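Have a look at the fold below before reading on. The notes start with open space, then move to the packing and a few single residues.

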Amino acid sequence: MKNNKDQVNPVSGTVYQGGNLVKLRSLADEKNYKSNQWITFLQAKQMGRFIKKGEHGTSVFRGFADEEKISDKTGKSIKESYPLGSATVFNMDQLDLAVE
C-alpha cells in the first residue's frame with residue numbers, strides 16, 4: 001500500500017479509521033490520487049468546486065451505535081454494533097474549480 005497517510009475530511013475534521021481508512025487508502029492507491037483529503041458533494045459545492053465528469057464517489061460509514069441485548073439462550077447481555085448511516089465522498093483529485 002503506497003498511500004499510508006491518514007485519510008481526512010478537511011471540512012468536518014474527520015480522520016477516517018478502520019474499514020473506511022483501508023477502503024480510502026486502497027482506492028487512493030488504485031487511482032493514483034495524490035491527495036489524502038475526501039469531501040462530500042455538498043461540501044464541494046459549498047467550496048465552489050465541482051466533481052469532474054465521469055467521476056464516482058465512494059461510500060463510507062458515518063459511525064456506529066452500540067445496542068445491548070439480552071441473549072434468549074444464556075440470559076447474558078450481548079453488545080451489538082451497527083452503522084448509523086453512510087456518506088458518499090470524493091477525493092480532492094476528483095474535483096475542479098467551479099466555472100463562472
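## Pocket, core and loops

The largest pocket holds about 320 Å³ of space. A pocket here is an open set of points on a 1 Å grid over the protein atoms alone, where a 1.4 Å probe fits and protein lies on both sides within 12 Å along at least five of seven lines; lining residues have an atom within 4 Å of a point. Grid points are joined across faces, edges and corners, and the volume is the space filled by probe spheres set on them.

Bear in mind that this is a predicted model: local features need pLDDT of at least 70, side-chain atom pairs count only at pLDDT 80 or more, and totals for chains, interfaces and linings use all residues. Numbering runs from 1 along each chain as its sequence is written, and side-chain values use heavy atoms, with hydrogens and water left out.

Back to the pocket. Its lining counts 18 residues, and Thr14, Tyr16, Val60, Phe61 and Arg62 are the ones nearest the centre. At least two lining residues come from each of α1 (18–31), β3 (58–70) and β4 (77–91), with β3 giving the largest share, five residues. Helices (H or I, at least four residues) and strands (E, at least two) are DSSP runs, numbered from the N terminus. By type, the lining splits into seven nonpolar, 10 polar and one charged; Ala, Val, Leu, Ile, Met, Phe, Trp, Tyr, Cys and Pro count as nonpolar, Asp, Glu, Lys and Arg as charged, and the others, Gly among them, as polar.

As for the whole chain, there are two helices and five strands, in the order α-β-α-β-β-β-β. Of its 100 residues, 33% are buried, where buried means under 20% relative accessible area, exposed over 50% and partly exposed in between (1.4 Å probe, protein chains only). Average pLDDT, the predictor's confidence in each residue from 0 to 100, is 87, and 87% of the residues score at least 70. Confidence bottoms out in β3, at a mean of 78, and is highest in strand β1 (residues 38–40), at 97.

Which residues make up the largest nonpolar core? The nine are Tyr16, Leu24, Leu27, Ala28, Tyr33, Trp38, Val60, Ala87 and Val89. α1 and β4 are the elements that give this core two or more residues, and the largest share, three residues, is from α1. Such a core is a set of buried Ala, Val, Leu, Ile, Met, Phe, Trp, Tyr and Cys residues joined through side-chain atoms within 4.5 Å. Apart from it lies another core, of six residues, including Ile39, Ala44, Met92 and Leu95.

Tyr16, in the segment before α1, is worth a click. Setting aside neighbours within four places in sequence, Tyr16 is in contact (heavy atoms within 4.5 Å) with Gln7, Val8, Asn9, Leu21, Leu24, Trp38, Val60 and Val89.

Here is how Tyr16 compares with two loop residues.

| Residue | Place | Relative accessible area |
|---|---|---|
| Tyr16 | segment before α1 | 8%, buried |
| Asn32 | loop between α1 and β1 | 51%, exposed |
| Lys53 | loop between β2 (49–51) and β3 | 87%, exposed |

Asn32 also has a positive phi, near 60°, in a residue other than glycine. Two pairs of C-alpha atoms are handy to check: Tyr16 and Trp38, 22 residues apart along the chain, are separated by 9.5 Å, while Lys53 and Asp96, 43 residues apart, are separated by 9.6 Å.
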